[in-house]
Amino acid sequence: MIAWLGPIGDVLSSSTMYQSMMRFAIVLAFAAVGEWVAERAGTLNISVEGMLIGGAFTGGVVFTSTGNVLLGLIAGAAGGAVIAFVQANLSHRLVTDQFVVGLTLNLLVLGLAFFLDDHLELNTSVATVWEIPLLSDFPLIGKALFGQPWPMYLIVPVVPLAWWLVFRTRWGLEVRSSGENPQAADVSGIRVNLRRRQAIMFAGLCSGLGGAVLVLGQISVSRWETGHVGLKGIVAIAAVIFGGWTLRGTLLGCLLFGYFFALQQTLPVLGYRINSQLASALPYAVALAVTAVFATRTRQPRSLAQPFVRGLT
């Protein structure tokens with residue numbers, strides 16, 4: 001037992017660990033915040049993984065072509081929105097099973113990205129680091145919170161924007177009504193499937209932006225590979241479940257999973273040997289355990305994952 005105290009102490013006292021944790025958590029947060037909005041509308045948006053991949057690949061293509069980080073981020077958001085448009089219309093216009101649509105889109109986007117990756121040489125680049133004076137000098141967490149590449153700071157307006165949309169606008173009230181009681185919402189004149197499609201589009205924009213941030217704000221290697229996304233979209237869904245479908249809890253889940261993603265990278269840097277397969281599987285094992293525990297202990301939107309057809313109860 002005492003032998004574990006050394007590694008634990010080294011990890012807790014490593015500023016590199018906290019920087020890495022925040023970078024992973026922020027990428028997860030882009031996808032998870034969008035997923036949270038979609039699920040509050042009643043849609044279990046399985047295709048969030050495809051949106052992340054689409055945003056990362058599109059952002060990489062535009063950045064390689066232009067060398068402009070901002071254009072890459074915009075393109076990434078647009079790439080995620082394209083995937084969201086397909087998901088939204090198939091599942092909430094044609095009433096196709098949303099699970100089937102989501103899984104199919106994930107596989108389609110993943111396969112397409114692997115195919116195009118063999119024919120394109122995509123470059124990545126960590127954007128300029130913005131260090132906020134004085135705050136970035138705090139021990140341990142200063143660089144993690146206030147010394148990140150500038151695309152990471154885009155999560156700062158995204159989170160309050162999502163909260164404001166859901167809780168302080170008529171649109172958000174209609175979205176929440178669509179996720180809780182779509183039949184009653186329909187009787188009140190709310191276009192349930194339209195609101196669900198719009199919520200998915202918001203999720204696509206956020207996830208696509210998160211994928212582009214992964215490429216242009218985190219990956220330090222010069223060559224991007226499709227595997228860098230690494231099922232982070234699925235982990236983002238687990239973060240929403242962990243958070244009990246609350247925004248605050250969702251962000252806490254992103255920090256938790258970001259910690260385990262960072263742990264697998266930080267331990268070797270600190271000189272500790274760990275089985276690579278075990279380290280790679282750790283974040284997903286934690287996500288699986290969290291989903292199994294919290295999915296039955298928290299209250300989800302009552303009509304989550306249930307299709308809406310007018311006139312049917």
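Me: Why is Gln 148 called buried?

Reply: This is a predicted model, and in it Gln 148 has a relative accessible area of 2%. Buried means under 20%, so Gln 148 qualifies. The residue is found in strand β2, residues 147-149.

Me: What does Gln 148 touch, not counting residues up to four places away in sequence?

Reply: Its partners are Gln 19, Met 22, Arg 23, Thr 128, Val 129, Trp 130, Lys 143 and Tyr 153.

Me: What makes the pairing of Gln 148 with the side chain of Arg 23 a polar contact?

Reply: The two side chains come to 2.8 Å. The cut-off for a pair of N or O atoms is 3.5 Å, so this pair falls within it.

Me: How far from Gln 148 is Gln 218, taking the C-alpha atoms?

Reply: The C-alpha atoms are separated by 9.1 Å, while the two residues are 70 apart along the chain.

Me: How do you know that Glu 174 and Arg 170 meet in a salt bridge?

Reply: The N to O value is 3.1 Å. A salt bridge needs a nitrogen of Lys or Arg within 4 Å of a carboxyl oxygen of Asp or Glu, so the pair passes. Both residues lie in helix α8 (residues 170-180), 4 residues apart, about one turn of the helix. Residues three or four places apart in an α-helix point the same way, because there are 3.6 residues a turn.

Me: Which of Glu 174 and Arg 170 is buried and which is exposed?

Reply: Glu 174 has 9% relative accessibility and counts as buried, since the limit is under 20%. Arg 170 has a relative accessible area of 66%. Exposed means over 50%, so Arg 170 is exposed.

Me: What makes Arg 195 and Glu 174 a salt bridge too?

Reply: Their side chains meet at 2.5 Å, N to O, and the limit is 4 Å, so the pair counts. Arg 195 lies in helix α10 (residues 192-217) and Glu 174 in helix α8, so the pair ties together parts that are 21 residues apart in sequence. Both Arg 195 and Glu 174 are buried. Together, Arg 170, Glu 174 and Arg 195 are linked in a network of salt bridges.

Me: Where are the ends of the salt bridge between Glu 180 and Arg 299?

Reply: The side chains of Glu 180 and Arg 299 meet at 2.7 Å, N to O. Glu 180 is in helix α8 and Arg 299 is in the segment after α13 (276-294), 119 residues apart. The whole structure has 4 salt bridges.

Me: How do you know that Lys 232 has no salt bridge?

Reply: The nearest side chain of opposite charge, Glu 49, is 8.0 Å away. The limit is 4 Å, so no bridge is counted. Lys 232 is nevertheless buried. Leaving aside neighbours within four places in sequence, Lys 232 is in contact with Phe 24, Val 27, Leu 28, Glu 49, Leu 52 and Phe 261.

Me: Why is helix α11 called mostly covered?

Reply: In α11, 10 of its 11 residues are buried. Among them are Lys 232, Gly 233, Val 235 and Phe 242. Lys 232 has its place in this helix, which covers residues 232-242.

Me: How do you know that Cys 206 and Cys 254 form no disulfide?

Reply: The sulfur of Cys 254 is 12 Å from that of Cys 206, the closest cysteine sulfur, too far for a bond. A disulfide needs 2.5 Å or less, so the pair fails. The count for the model comes to 0 disulfides. Both cysteines are buried: Cys 206 has a relative accessible area of 6%, and Cys 254 has 2% relative accessibility.

Me: Why is Val 95 called partly exposed?

Reply: Val 95 has 38% relative accessibility. Buried is under 20% and exposed is over 50%, so Val 95 falls in between. The residue is in the loop between α4 (69-92) and α5 (98-117). Its phi is positive, about 55 degrees, although it is not a glycine. Most residues other than glycine have a negative phi.

Me: Which helix has the lowest mean pLDDT among the elements of the protein?

Reply: Helix α1 (residues 5-12) has the lowest, 60, and helix α7 (residues 155-167) has the highest, 97. Over residues 1-5 the pLDDT is below 50. Where pLDDT is low, the predicted coordinates should not be read in detail.

Conventions: Residues numbered from 1 in each chain as written. Predicted model: local features only at pLDDT ≥ 70, side-chain atom pairs only at ≥ 80, totals over all residues. Heavy atoms only, no water. Helix = DSSP H or I, 4+ residues; strand = E, 2+ residues; numbered from the N terminus. Buried < 20%, exposed > 50% of the residue type's maximum accessible area, 1.4 Å probe, protein only. Lys, Arg positive; Asp, Glu negative; His and termini not counted. Contact = heavy atoms within 4.5 Å. Polar contact = N/O pair within 3.5 Å; in protein donor to acceptor, adjacent residues only side chain to side chain. pLDDT = per-residue confidence, 0-100.
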